[in-house]
Amino acid sequence: MAEERTTEDATPVGVRTAPDFGKMYHVKGMLSLPYSGDSKLKEPFEVWYDLEGNRSRIDYRNSTVRTFLIGNDLDYGAIYQITPVTTETEIQAIKYFQLNGTKEDPIRPQTALPDLQGFEFEKMEDYAGVQREVWKKVTQAGHKKNTYRLWVTRPEGNDSPAVPYHFEMMGFNTLLESHNDKYMIDYSDFSPQTESDIFTPPGGFMCLEMAYEEFPDPPEEHQILANPLQDYVHTSPVSHAHRLFGPFKEKFKRQYASEKEHEERESYFVHTLRLVHSSNRAGLTFSLGINDSADWSKAELARRRGRLRVAE
């Protein structure tokens with residue numbers, strides 16, 4: 001969504017109450033990944049959230065993938081996912097996957113919105129013709145410095161419940177001295193209500209448990225497969241995608257010449273991983289995977305494709 005922002009109209013305002021979106025809501029979103037391959041890569045999703053009921057549901061790409069996070073199921077909760085899968089022998093076969101929580105990592109309902117602890121009111125800004133509050137948080141871990149901003153409106157006044165409009169993360173690497181990461185979420189149709197039966201998958205949980213499989217290998221990707229939205233609304237510079245870089249280096253025996261190259265390769269890998277997983281949630285007739293070129297730059301990939309075309 002290319003919305004116009006009028007920064008010259010942005011004005012700081014006094015003390016504001018941090019937005020509270022409540023313990024239950026329904027909202028739609030559009031995830032944009034401008035640094036992951038195709039600059040037009042966008043992924044719609046829809047979330048139903050019920051904190052007191054310890055449950056949430058997230059549908060991706062117009063319900064092509066449906067995910068149920070049920071904290072009260074089994075001992076430590078479970079995630080159930082219904083998704084089409086394409087392999088060498090099947091095309092868009094509907095599969096049922098389950099990820100069980102553990103004592104150390106129990107399943108909790110997944111929010112569609114960032115936890116605003118540590119966010120501070122920055123300014124009022126004209127965004128798409130409407131004055132909106134901007135809330136900001138900056139975090140840093142190692143060379144990764146991330147700036148998070150959330151734009152909200154308050155239709156009924158300054159102290160009224162807030163409605164989310166836009167969330168944006170801009171990553172800056174202090175070693176590379178460049179912005180090397182960005183993603184955005186545009187929100188719509190926010191409602192502080194939801195319906196109880198929306199959290200029950202087709203056929204009920206008993207039916208799903210009988211049909212479930214473990215998520216496909218590698219095991220270290222299970223968490224990001226089961227709950228991909230978590231990586232985009234958290235406010236930590238190190239995501240599940242970043243943590244998967246270690247297993248990738250080990251598998252393909254990567255050794256980099258310098259710390260700077262390591263940071264660059266990790267960035268390329270994270271963007272490739274996001275592209276792969278987002279594309280695979282689209283229900284295509286083919287599937288993508290992580291291979292030995294996942295840490296290559298766009299220029300390196302283009303040169304490789306050029307050599308392959310010449311060889312053909």
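**Exercise 1. Is Glu 122 buried, partly exposed or exposed, at 23% relative accessibility? Then find its salt-bridge partner and place both residues in the fold.**

*Solution.* This is a predicted model, so please read every value here as computed from it.

Step 1. Recall the cut-offs: buried means under 20% relative accessible area, exposed means over 50%, and partly exposed is in between.

Step 2. With its 23% relative accessibility, Glu 122 counts as partly exposed.

Step 3. Now look for the partner. The side chain of Glu 122 meets that of Lys 136 in a salt bridge, with 4.0 Å from N to O. The pair links distant parts of the chain: Glu 122 is in strand β8, Lys 136 is in strand β9 (residues 130–141), and 14 residues separate them.

Step 4. Check the partner too: Lys 136 has 28% relative accessibility and therefore counts as partly exposed.

**Exercise 2. Classify Arg 57 and Asp 59 by their accessibility, and say how their side chains meet.**

*Solution.* Step 1. Begin with Arg 57: its relative accessible area is 11%, so Arg 57 is buried.

Step 2. Continue with Asp 59, which counts as buried at 2% relative accessibility.

Step 3. Bring the two together: their side chains form a salt bridge of 2.8 Å, N to O. The structure holds 18 salt bridges, and a network of them links Arg 16, Glu 133 and Arg 154.

**Exercise 3. Explain why the salt bridge of Lys 95 and Glu 213 ties together parts that are 118 residues apart in sequence.**

*Solution.* Step 1. Find the contact: the side chains of Lys 95 and Glu 213 meet in a salt bridge of 4.0 Å, N to O.

Step 2. Place the two ends. Lys 95 lies in strand β7 (residues 93–100), while Glu 213 lies in the loop between α1 and α2, so the pair joins parts of the chain 118 residues apart in sequence.

Step 3. Add the surroundings: Lys 95 counts as buried at 18% relative accessibility, whereas Glu 213 counts as partly exposed at 34%.

**Exercise 4. Describe the contacts of two buried residues, Ser 36 and Glu 125.**

*Solution.* Step 1. Ser 36 lies in the loop between β2 (24–32) and β3 (42–50). At 1% relative accessibility, Ser 36 counts as buried. Its side chain reaches the backbone oxygen of His 271 at 3.1 Å.

Step 2. Glu 125 is found in strand β8 (residues 120–127) and has a relative accessible area of 2%, so Glu 125 is buried. A polar contact of 2.7 Å joins its side chain to that of Trp 151.

**Exercise 5. Which residues form the negative surface patch, and which form the nonpolar patch?**

*Solution.* Step 1. The negative patch is formed by Glu 214, Asp 217, Glu 220 and Glu 250. Take Glu 214 as an example: it sits in the loop between α1 (204–211) and α2 (222–226), and at 60% relative accessibility it counts as exposed.

Step 2. The nonpolar patch consists of Leu 284, Phe 286 and Leu 288, which together have about 240 Å² of accessible area. Phe 286 belongs to the loop between α6 (259–280) and α7 (298–311). With a relative accessible area of 46%, Phe 286 is partly exposed.

Conventions. Residues are numbered from 1 along each chain as its sequence is written. This is a predicted model: local features need pLDDT of at least 70, side-chain atom pairs count only at pLDDT 80 or more; totals for chains, interfaces and linings use all residues. Side-chain values use heavy atoms; hydrogens and water are left out. Patches are made of residues with over 30% relative accessible area and no salt bridge: like charges are joined within 9 Å, nonpolar side chains (Val, Leu, Ile, Met, Phe, Trp, Tyr) within 5 Å. Accessible areas come from the Shrake-Rupley method with a 1.4 Å probe; for residues, only the protein chains shown count as cover. Lys and Arg count as positive and Asp and Glu as negative; His and the chain ends are not counted. The place of a charge is taken as NZ of Lys, CZ of Arg, CG of Asp or CD of Glu. Helices (H or I, at least four residues) and strands (E, at least two) are DSSP runs, numbered from the N terminus. Buried means under 20% relative accessible area, exposed over 50%, partly exposed in between (1.4 Å probe, protein chains only). A polar contact is a pair of N or O atoms within 3.5 Å; within protein, one must be able to donate a hydrogen and the other to accept it, and residues adjacent in sequence count only if both atoms are side-chain atoms.
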